[in-house]
Amino acid sequence: GSFSSSESWSSEEHGHGHGHGHGHGNGHGHGPRPRPPRPPRPTPAPRNECDAGWMRFERPNGLIWCIFLGVPGVTNGYFSQHDAQVACSALGATLTGYQNDNERMTVANEALKRLTTMGRQVGGLWLGNTNTAGCRVANCGPFTTFQWTDGYTTGVAGFKWGVGEPDGLNWPGSTACAQQFIISPNFVAGANEYASWKTHFVNGDLDKYQCTSPAYPFTRFYACGKVGVRR
């Protein structure tokens, strides 16, 4: 190669004679052959990613969906679903639905951690949903009473209800909502709480409810969703 030719020419020009030149063929006359330069690493293809502090989910259709757990610090129930939607809009997002159990329980388990650090045992989490036509009061079944409203969540795999839910009660408001129960397995009812919650809900279950405040449980959370950004 060009390297060895150049080396032979150099040694002869400096008067070292031909005696050394014959040794070049035995492999001992040169140092180690230099490695060829590495080809430049290909630039990684852009990926849809989530902002820091958002949970990243890859949905079955390939969509990257980002969920933010909102903890407004409200412990008196005065934080309606509309208030939660306003908070999500400020983040460039909307109240999320759940595509599947993985999303539902990942958020619920994170919310339970936050609830525990607050020294509380039960909370309610607002999601992006509303009743389907004709089902504000009537129970139209576990999969047709409600629909997701974030514009991206599809199907019914993210619905898992508590015992007796969705109920057939006429809750206040022009529409009904479904909140998510965040509840410790060690829950014991305190002030403004109901012992029946322990027998009707495990952490992550959904509950048909009013969209307005004051809302029970008094400790409130919300979950915002948006599509990942290409980076």
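**Questions on a predicted protein model**

Q: Among contacts between residues at least 6 apart in sequence, what percentage joins residues at least 24 apart?
A: This is a predicted model, in which local features need pLDDT of at least 70, side-chain atom pairs count only at pLDDT 80 or more, and totals for chains, interfaces and linings use all residues. Residues are numbered from 1 along each chain as its sequence is written, and side-chain values use heavy atoms, with hydrogens and water left out. A contact means heavy atoms within 4.5 Å. Among contacts in the protein between residues at least 6 apart, the portion joining residues at least 24 apart is 75%.

Q: How many strands does the protein have?
A: Helices (H or I, at least four residues) and strands (E, at least two) are DSSP runs, numbered from the N terminus. On this basis the protein has four helices, and its strands number eleven.

Q: What percentage of the residues of the protein counts as buried?
A: A residue is buried under 20% relative accessible area, exposed over 50%, and partly exposed in between (1.4 Å probe, protein chains only). Of the 231 residues of the protein, the buried portion is 40%.

Q: Within what arc do the buried residues of helix H2 fall?
A: Helix H2 spans residues 81–89, and Gln81, Ala84 and Cys88 are buried in it. The arc is taken from the directions from the helix axis to the C-beta atoms. The buried residues of H2 line one face of the helix, because they fall within an arc of 55°.

Q: Why does Asn131 count as buried?
A: Asn131 lies in strand E6 (residues 129–131). Leaving aside neighbours within four places in sequence, its contacts are Arg136, Thr145, Phe146, Gln147, Thr175 and Ala176. Asn131 counts as buried because its relative accessible area is 12%.

Q: Which residue has its backbone nitrogen 2.8 Å from a polar atom of the Asn131 side chain?
A: A polar contact is a pair of N or O atoms within 3.5 Å; within protein, one must be able to donate a hydrogen and the other to accept it, and residues adjacent in sequence count only if both atoms are side-chain atoms. At 2.8 Å from the side chain of Asn131 lies the backbone nitrogen of Ala176.

Q: At what distance does the side chain of Ser184 reach the backbone nitrogen of Asn186?
A: Ser184 is in the loop between E8 and H4 and is buried, with a relative accessible area of 13%. Not counting residues up to four places away in sequence, Ser184 touches Leu112 and Gln121. Its side chain reaches the backbone nitrogen of Asn186 at 3.0 Å.

Q: What is the phi of Asn192?
A: Asn192 lies in the loop between E8 and H4. Asn192 is partly exposed, with a relative accessible area of 45%. Although Asn192 is not a glycine, its phi is positive, at about 60°.

Q: Which residue does a cis peptide bond join to Ser213?
A: The bond has an omega of about 5°. The partner of Ser213 lies in the loop between E9 and E10. That partner is Pro214.

Q: What is the omega of the peptide bond from Tyr216 to Pro217?
A: Pro217 lies in the loop between E9 and E10. The peptide bond from Tyr216 to Pro217 is cis, with omega near -5°.
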